[in-house]
Amino acid sequence: ALWQFPTCMESSDAREVRSIHSSYVCAVAFSADGKIFVSASGDGNIAVWNVSPFECIRVVCNVGSLVAFSSVLIAADRSAVAAGCSDGMIRMWNLNLDSW
């Protein structure tokens, strides 16, 4: 869930996260400029999010329940996402940021 500080109340943005990830979110990584972040979950989804306004920009990967992610990172230039997977593999995706 997303929480608002200092009150620690759940944000309404948590509903948006749950609409993309049907399982636990196991990893989050922010871009170097802090404008976007990626999230990876146990349901096999990796999503790219805009910080402000908060919204899902795209789902980069949806491998279903075949693979759960254990870690995720975004390249400093926002060109790629890499993730560690439960099957022992590391997977990478080109983000093609020219369209952002």
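Start by selecting Asp 43, in the loop between strand 4 and strand 5. Keep in mind that this is a predicted model.

**Stop 1: Asp 43**

Is Asp 43 buried or exposed? Asp 43 is buried, because its relative accessible area is 11%, and the cut-off for buried is under 20%. Now add Asn 45 to the selection. A polar atom of the Asp 43 side chain lies 3.0 Å from the backbone nitrogen of Asn 45.

**Stop 2: Cys 61**

Move on to Cys 61, in strand 6. Cys 61 is buried, with a relative accessible area of 7%. Which residues does Cys 61 contact, leaving aside its neighbours within four places in sequence? Select Gly 44, Asn 45, Ile 46, Phe 69 and Trp 93 to show them. Then pick Met 92. Its C-alpha is 9.8 Å from that of Cys 61, although the two residues are 31 apart in sequence.

**Stop 3: the cores**

Next, select Val 38, Ile 46, Phe 69, Val 72, Val 81 and Trp 93. These have the most contacts inside the largest nonpolar core, which has 17 residues. Which strands each supply at least two residues of this core? Colour strand 3 (25-30), strand 4 (36-41), strand 5 (45-50), strand 7 (69-74) and strand 8 (80-85). Another core, of 5 residues, lies apart from it. Among its members are Phe 37, Ala 47, Trp 49 and Phe 54. In soluble globular proteins, nonpolar side chains tend to be buried together.

**Stop 4: a patch on the surface**

Now turn to the outside. Select Val 25, Val 28, Phe 30 and Val 51. They form a nonpolar patch on the surface. Together they have about 320 Å² of accessible area. Zoom in on Val 28, which is found in strand 3. Val 28 counts as partly exposed because its relative accessibility is 44%, and that class runs between the 20% and 50% cut-offs.

**Stop 5: Ile 57**

Go back to strand 6 (residues 55-62) and pick Ile 57. Ile 57 is partly exposed, at 33% relative accessibility. Measure from its C-alpha to that of Ile 36. The viewer should give 9.0 Å, for residues 21 apart along the chain.

**Stop 6: the salt bridges**

How many salt bridges does a search of the whole structure find? There are 2. Side chains of opposite charge can pair when their charged atoms come close.

For one of them, select Asp 33 and Arg 78. Their closest N and O atoms are 3.3 Å apart. This pair links distant parts of the chain, 45 residues apart. Asp 33 sits in the loop between strand 3 and strand 4, while Arg 78 sits in the loop between strand 7 and strand 8. Asp 33 is partly exposed, at 42% relative accessibility.

Then select Asp 87 and Arg 91. Their side chains meet in a salt bridge of 2.9 Å, N to O. Asp 87 is partly exposed, with a relative accessible area of 39%. Arg 91 is also partly exposed, with 27%.

**Last stop: the whole protein**

Zoom out and switch to a cartoon view. The protein has 1 helix and 9 strands. Follow the chain along its sequence, and the pattern reads β-β-α-β-β-β-β-β-β-β. Of the 100 residues, 39% are buried. Finally, show the surface. Its accessible area comes to about 5800 Å², and 54% of that belongs to carbon and sulfur atoms.

Key: Residues are numbered from 1 along each chain as its sequence is written. This is a predicted model: local features need pLDDT of at least 70, side-chain atom pairs count only at pLDDT 80 or more; totals for chains, interfaces and linings use all residues. Side-chain values use heavy atoms; hydrogens and water are left out. A nonpolar core is a set of buried Ala, Val, Leu, Ile, Met, Phe, Trp, Tyr and Cys residues joined through side-chain atoms within 4.5 Å. Buried means under 20% relative accessible area, exposed over 50%, partly exposed in between (1.4 Å probe, protein chains only). Helices (H or I, at least four residues) and strands (E, at least two) are DSSP runs, numbered from the N terminus. A polar contact is a pair of N or O atoms within 3.5 Å; within protein, one must be able to donate a hydrogen and the other to accept it, and residues adjacent in sequence count only if both atoms are side-chain atoms. Patches are made of residues with over 30% relative accessible area and no salt bridge: like charges are joined within 9 Å, nonpolar side chains (Val, Leu, Ile, Met, Phe, Trp, Tyr) within 5 Å. Accessible areas come from the Shrake-Rupley method with a 1.4 Å probe; for residues, only the protein chains shown count as cover. A salt bridge is a side-chain nitrogen of Lys or Arg within 4 Å of a carboxyl oxygen of Asp or Glu. Contact means heavy atoms within 4.5 Å.
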